Number of protein chains: 2
Amino acid sequence: MRVSELVERTGIPLATIKYYLREGLLMPGTATSATQAVYGEHHVRRLALIRALTEVVGLTVQKAGEVIRLIDSPEPDLFETLGKAVAALPPYLDDLADDYPRARAALERIGQVYDPEYAAVGQFERALAAAEAVGLPMSEERLDGYASHVMGIAEIDIGGVPAESPGSAVEYAVLGTAIYEPILAAMRRLAHQDLASRRLAAGSTSEQ
Amino acid sequence: MRVSELVERTGIPLATIKYYLREGLLMPGTATSATQAVYGEHHVRRLALIRALTEVVGLTVQKAGEVIRLIDSPEPDLFETLGKAVAALPPYLDDLADDYPRARAALERIGQVYDPEYAAVGQFERALAAAEAVGLPMSEERLDGYASHVMGIAEIDIGGVPAESPGSAVEYAVLGTAIYEPILAAMRRLAHQDLASRRLAAGSTSEQ
DNA sequence: AGTATTGGATACTATGACTATCCAACCACA
DNA sequence: TGTGGTTGGATAGTCATAGTATCCAATACT
């Protein structure tokens, strides 16, 4: 298909598609002449991915590009690739320290490896510090409770990774980490709503 | 204390503090004269909250203002206030529909109320649609697994809400929903890392 | 042949989040 | 009682991000 069709199919304006091409997020189509190129389903999916990462996950176009480059390059080291992908996820750290006291204490408590090199540790520290500064420090009970449920979720995630596949495992892991995050956030918000309404109903019933 | 001290204590530049004052995120200090006002710990905490909501949770200054106004106003309807607060959280919906097929199907399956009025439903739909478009549709197994763990997390959250307090319950619920979100995201990322490293270790051991 | 469609380059715009300047009124100390 | 440093309030300027819009020359379709 030609660009015009790509515009139709995705609803993304031509000027924006050109912008993504310039920024290296969208691969160029196969040129058939100096002023013509053909695009495929691949491009449609890629544009969906770009919009998902920017609009839903909340990445900048820049960071979305980093993630896309990771899943495009066939680097097979899942562990390291996942680390790089996480570094492209918000919240972004400006200056990285070599010690994250809150994160270390929490991770030691729940029995996970503490590696200050891993971006998520810095993000964890930042999130914990923010909660503390706001007057809602992370209690040990909450930490323990969260940890067991989060581990359960992570096991579902990891269980779904295609073990016998080279680059597709990387793609699945990287995208899965990012893409399911807003789903989990929405589900938690909905669960709050659900519990609040039940509690409200129970309360008003008992008060009558 | 005076502004200069507020600047010292928080590390936030004066110009920025003035900006937050203009935007209504920070309450003015008590004026002692036409060109002097005093600030308290209240203001220090508020500035920390603003930074937490914008930098860690990822809200725009505008949306952070909405959240802050909610916890400032002593509106006691927890249920409705929570709904408004969630609407201030990303991902932001531009056009809200009256039907969200994916969200409805998912919520019916896991036995929760489906109310298209509630912002989180729209956010859920958007996140589900994005996952689908990217080629990682939400399977029913994943949905069920996520749902039980998320409900467990939400119970921890709701359990901590001070039941016998008017406005503080609202503040706790609204901030708790927003502030613990990045913590949960970071914990999931860390759990992935943890599981990936264990699986990697197990794999390399068995292969030798 | 003539009109519409591209690729590629460049320039422009809109929004958000600050940042800087000014000024007039202080206030605190010498 | 000056006099320099500190405010509050208003206004203007900056910088980055994410597009939009224009142009042009080279095709492509009819």
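By what turn and what shift along the axis can chain B be laid on chain A? A turn of 180 degrees and a shift of 0.0 Å do it, with an RMSD of 0.0 Å (a least-squares fit on the C-alpha atoms of residues with pLDDT of at least 70 in both). The two copies are thus related as by a two-fold rotation axis. In chain B, the C-alpha nearest that axis belongs to B:H149, 2.6 Å away.

This is a predicted model, where local features need pLDDT of at least 70 and side-chain atom pairs count only at pLDDT 80 or more, while totals for chains, interfaces and linings use all residues. Residues are numbered from 1 along each chain as its sequence is written, chains are lettered from A in the order written, and side-chain values use heavy atoms, leaving out hydrogens and water.

**How the chains meet**
- 75 residues of chain B touch 75 of chain A, with contact meaning heavy atoms within 4.5 Å.
- The copies meet through the same surface, because 100% of chain B's interface residues are also interface residues in chain A.

**Polar links**
- Chain B and chain A share eight salt bridges (a side-chain nitrogen of Lys or Arg within 4 Å of a carboxyl oxygen of Asp or Glu).
- One salt bridge joins the side chains of B:E55 and A:R126, at 2.6 Å from N to O.

**What chain B brings**
- α9(B) gives the largest share of the side that touches chain A, 26 residues (helices are DSSP runs of H or I, at least four residues, numbered from the N terminus).

Technical notes
Helices (H or I, at least four residues) and strands (E, at least two) are DSSP runs, numbered from the N terminus.
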